[in-house]
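Open the model in your viewer and keep a selection tool at hand. The tour goes from one selection to the next and says what is found at each stop.

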Amino acid sequence: MLLKTFWLSKWGTSLLGNNLKIVLELLPVFMMGCVFAKYDLISKIKQRCMNNFLYWLLSFIVLACLFYVRRKVGAGYDYLYAPIFVCASIVALQTLLGKIFYRILLEIGKESTVIWLVHSFYCYMLCQEFIYMPKYSVLIVIWLIFLCCVTSKFMKIIYGGLRRICDKMNLKVSSFIFK
C-alpha cells in the first residue's frame, strides 16, 4: 500500500510516470510471448498432442479450469492464462473440427501481423459504428477479423506492385511485414 501511495503521489500524475506504469504492466505479457516464440512451444505442443484422444480430453479440462480460475482470481494473471488457453484451444479445436478449421486458422495466421497493426484503427479511430454494427461480441470479432484480412490482402497487392516498381528501379525494399 505504501508503494502504491508513493507511486500515485510522485509519478502517477506525470506523463513519464503514466507511461512507465503502462510499460511495466505490459512487460509480463511481452515476456511470455517472447518465451513462447523463442522456444517454439506452441509447435512442440501441437506435435506432441495432436490426434490423441487423451490430450483432447485433457485440453477441455484445462480450458474449463482456466475459465474457473480466471473467474475466481481475476484478470491480473491473463499473461499466464493466454498462452495456456491458446495451446489448449489449438489441441481441442483442431482435433474436433479437423482440417477446415486448421486451414482457416493458417490463413488468419498468415495475416496476423497486419491484423494486429490494423484492427485498432478500425475499432477505435476510423469506423466504429461500422465495426460494432453486429451488436454481439462474437460477431463483432468475426467481422473485424474478416475486414482486417481483406485489408491485409489489399495491402499485400499494393506492396507487391510497389516492390516490382522498386525492383525495376534497382531500389532495395525491406520485407519484414510482407513475405
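Which residues does Cys-148 touch, not counting residues up to four places away in sequence? Select Cys-148 in this predicted model and show its contacts: Ile-115, Val-118, His-119 and Tyr-122.

**The nonpolar core**

Cys-148 belongs to the largest nonpolar core, which has 11 residues in all. To display the core, select Val-114, Ile-115, Val-118, Tyr-122, Cys-123, Ile-131, Ile-140, Leu-144, Leu-147, Cys-148 and Cys-149. Colour by element next: α7 and α9 (137-168) are the elements that give two or more residues to this core. In soluble globular proteins, nonpolar side chains tend to be buried together.

**The whole chain**

Zoom out and switch to a cartoon. The protein has nine helices and zero strands, so defined from DSSP runs. Colour by relative accessibility: 19% of the 179 residues count as buried. If you draw contacts between residues at least 6 apart in sequence, 53% of them join residues at least 24 apart.

**The largest pocket**

Turn on a pocket display. The largest pocket holds about 1,300 Å³ of space. Its lining consists of 21 residues, and those closest to the centre of the pocket are Ile-42, Val-86, Ile-90, Gly-109 and Ser-112. Select α3 (41-49), α5 (78-97), α6 (99-110) and α7 (112-126) to see the elements that give two or more residues to this lining. Coloured by class, the lining of the largest pocket shows 12 nonpolar, seven polar and two charged residues.

**The second largest pocket**

Move on to the second largest pocket, with a volume of about 160 Å³. Select its lining: Val-29, Met-32, Gly-33, Phe-36, Ile-42, Asp-78, Tyr-79, Ala-82, Pro-83 and Val-86. Here the elements that give two or more residues are α2 (15-38) and α5. Which element gives the most to this lining? That is α5, with five residues. By class, the lining of the second largest pocket has eight nonpolar, one polar and one charged residues. Keep Ile-42 and Val-86 selected for a moment: both are in the lining of the second largest pocket, and both are among the residues closest to the centre of the largest pocket.

**Aromatic pairs**

Hide the pockets and show the aromatic rings. There are six aromatic pairs in the whole structure. Start with Trp-56 and Phe-60, whose ring centres are 5.0 Å apart. Why is this pair edge-to-face? The planes of the two rings stand at 85 degrees, and planes over 60 degrees apart count as edge-to-face. Trp-56 and Phe-60 are separated by about one helical turn, because they are four residues apart in helix α4 (residues 53-73). Trp-56 has 19% relative accessibility and so counts as buried, whereas Phe-60, at 32%, counts as partly exposed. Add Phe-53 to the selection to complete one aromatic cluster with Trp-56 and Phe-60.

Then select Phe-67 and Phe-85. This aromatic pair is also edge-to-face, with 6.0 Å from centre to centre and 80 degrees between the planes. Phe-67 is in helix α4 and Phe-85 in helix α5, 18 residues apart, and the pair links distant parts of the chain. Is Phe-67 buried or exposed? With a relative accessible area of 56%, Phe-67 is exposed. Its partner Phe-85 has a relative accessible area of 36% and is partly exposed.

Key:
Residues are numbered from 1 along each chain as its sequence is written. This is a predicted model: local features need pLDDT of at least 70, side-chain atom pairs count only at pLDDT 80 or more; totals for chains, interfaces and linings use all residues. Side-chain values use heavy atoms; hydrogens and water are left out. On a 1 Å grid over the protein atoms alone, a cavity is a set of points where a 1.4 Å probe fits but cannot get out, and a pocket is an open set with protein on both sides within 12 Å along at least five of seven lines; lining residues have an atom within 4 Å of a point. Grid points are joined across faces, edges and corners, and a volume is the space filled by probe spheres set on the points. Ala, Val, Leu, Ile, Met, Phe, Trp, Tyr, Cys and Pro count as nonpolar, Asp, Glu, Lys and Arg as charged, and the others, Gly among them, as polar. Rings of Phe, Tyr and Trp (its six-membered ring) pair if their centres lie within 6.5 Å; planes under 30 degrees apart count as stacked, over 60 as edge-to-face and the rest as tilted. Buried means under 20% relative accessible area, exposed over 50%, partly exposed in between (1.4 Å probe, protein chains only). A nonpolar core is a set of buried Ala, Val, Leu, Ile, Met, Phe, Trp, Tyr and Cys residues joined through side-chain atoms within 4.5 Å. Contact means heavy atoms within 4.5 Å.
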